[in-house]
Structure formats: structure tokens, C-alpha cells
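Q: I would like to go through this model with you. Could we begin once it is on display?
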Amino acid sequence: MTLESDLSRIGISLPSNLLDKFDDIINKRGYSSRSEGIRDAIRTYITYYQWMSDVKGDREGVITMVYDHDQRNLLTAITDIQHEHHDVIKASLHSHITHDRCLEVILVHGDGADLKNLAERLMALKGVESVKLTTIKIEK
Ligand code: NI
């Protein structure tokens with residue numbers, strides 16, 4: 001049980017459509033409050049980051065990303081990053097989900113650290129909604 005004195009209070013700014021989507025999910029999942037939902041989301045984020053940190057050695061995998069097609073210079077930035085990592089990218093598949101959203105699936109093979117680095121660079125771009133890296137270890 002967490003003591004009330006151990007709680008830190010933070011203020012965050014969010015785009016209203018992001019908050020609407022979040023509220024919709026926490027309502028569906030039955031969270032008692034928005035704070036509880038945000039605590040859970042932060043725990044999931046930390047777990048995902050730690051799981052990503054374990055991606056080591058020779059790996060085969062996919063990077064799945066969703067992004068905003070209308071974000072200025074984003075397509076060029078994504079292409080530049082992929083060219084810089086051409087040694088680990090085997091193929092990519094692009095699907096135009098709606099008028100302004102794109103889904104891209106990138107098939108990768110290489111050292112886990114390099115795959116993670118590629119995923120993190122894509123994740124950091126403005127206009128990128130989500131990036132997920134899934135890998136399997138290559139058994140020798
Ligand atoms: Ni597209």
C-alpha cells in the first residue's frame with residue numbers, strides 16, 4: 001500500500017483527442033479514476049522499455065509503426081532513418097489506413113541493440129503515433 005505522503009502530484013499537457021481516447025479506454029476497462037489509468041500506463045511504459053532493453057544478440061523481428069501522413073517532413077525523416085539502417089532492414093510494407101494515417105511494417109534482422117536503436121529513432125519523431133518492436137532470438 002502506498003502512503004499518501006509518497007505520492008507526487010504532476011501536471012501534464014495533452015492534446016484533447018489523445019485525452020479523449022485515453023478516457024474512453026479507462027472507462028471501458030473500469031478504472032476508478034484517470035490517475036489510476038495514468039499510473040497503469042506509466043507502469044506499462046516502464047515494463048516495455050525494460051523488455052526492449054533485453055533485446056540482445058542476433059535477432060529477427062518486425063517494427064510496426066503508425067504515423068500521421070500530414071506531419072510536415074515526417075515521411076522524409078522516416079525514409080532517411082530507414083536508409084541509414086539499410087543493413088538491418090530486409091523489407092517494409094506500407095499501408096494507407098485512412099486519408100491521413102499510415103501503417104508501416106518493417107522486417108528487420110540484426111543485432112538486438114541496432115534494432116532497438118532503429119525503433120527508438122523512429123519513436124522519437126514528431127507525428128509518429130506508435131512504434132512497436134517485436135523480435136525472436138535466432139537459435140544457433
Ligand atoms: Ni500512407
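Q: How are the donor residues of the nickel ion spaced in sequence?
A: Their spacing is H-x1-H-x5-C. Donors here are N, O and S atoms within 2.8 Å of the metal (3.2 Å for Na, K and Ca), and sites may look incomplete since water is not among the atoms.

Q: What should I know about the model itself?
A: This is a predicted model, in which local features need pLDDT of at least 70 and side-chain atom pairs count only at pLDDT 80 or more, while totals for chains, interfaces and linings use all residues. Residues are numbered from 1 along each chain as its sequence is written, and side-chain values use heavy atoms, leaving out hydrogens and water.

Q: Which protein atoms are the donors of the nickel ion?
A: They are NE2 of His94, ND1 of His96 and SG of Cys102, at 2.0 to 2.4 Å from the ion.

Q: And Cys102, buried or exposed?
A: Cys102 is buried, as its relative accessible area is 2%; buried means under 20%, exposed over 50% and partly exposed in between (1.4 Å probe, protein chains only). His94, at 33%, counts as partly exposed.

Q: Changing topic, what is the strand order in the open sheet?
A: The four strands run β2-β3-β1-β4 with antiparallel pairing. Strands are DSSP runs (E, at least two residues) numbered from the N terminus, and two of them pair if DSSP finds at least two bridges between them.

Q: Which strands stand at the edges?
A: β2 (89–96) and β4 (128–137) do; each has a single partner strand, so one side of each lacks a neighbour in the sheet.

Q: How many bridges join β1 and β4?
A: Strand β1 (residues 58–68) pairs with β4 over nine bridges, in the antiparallel sense. Within this pair, Ile63 stands opposite Leu133 in β4.
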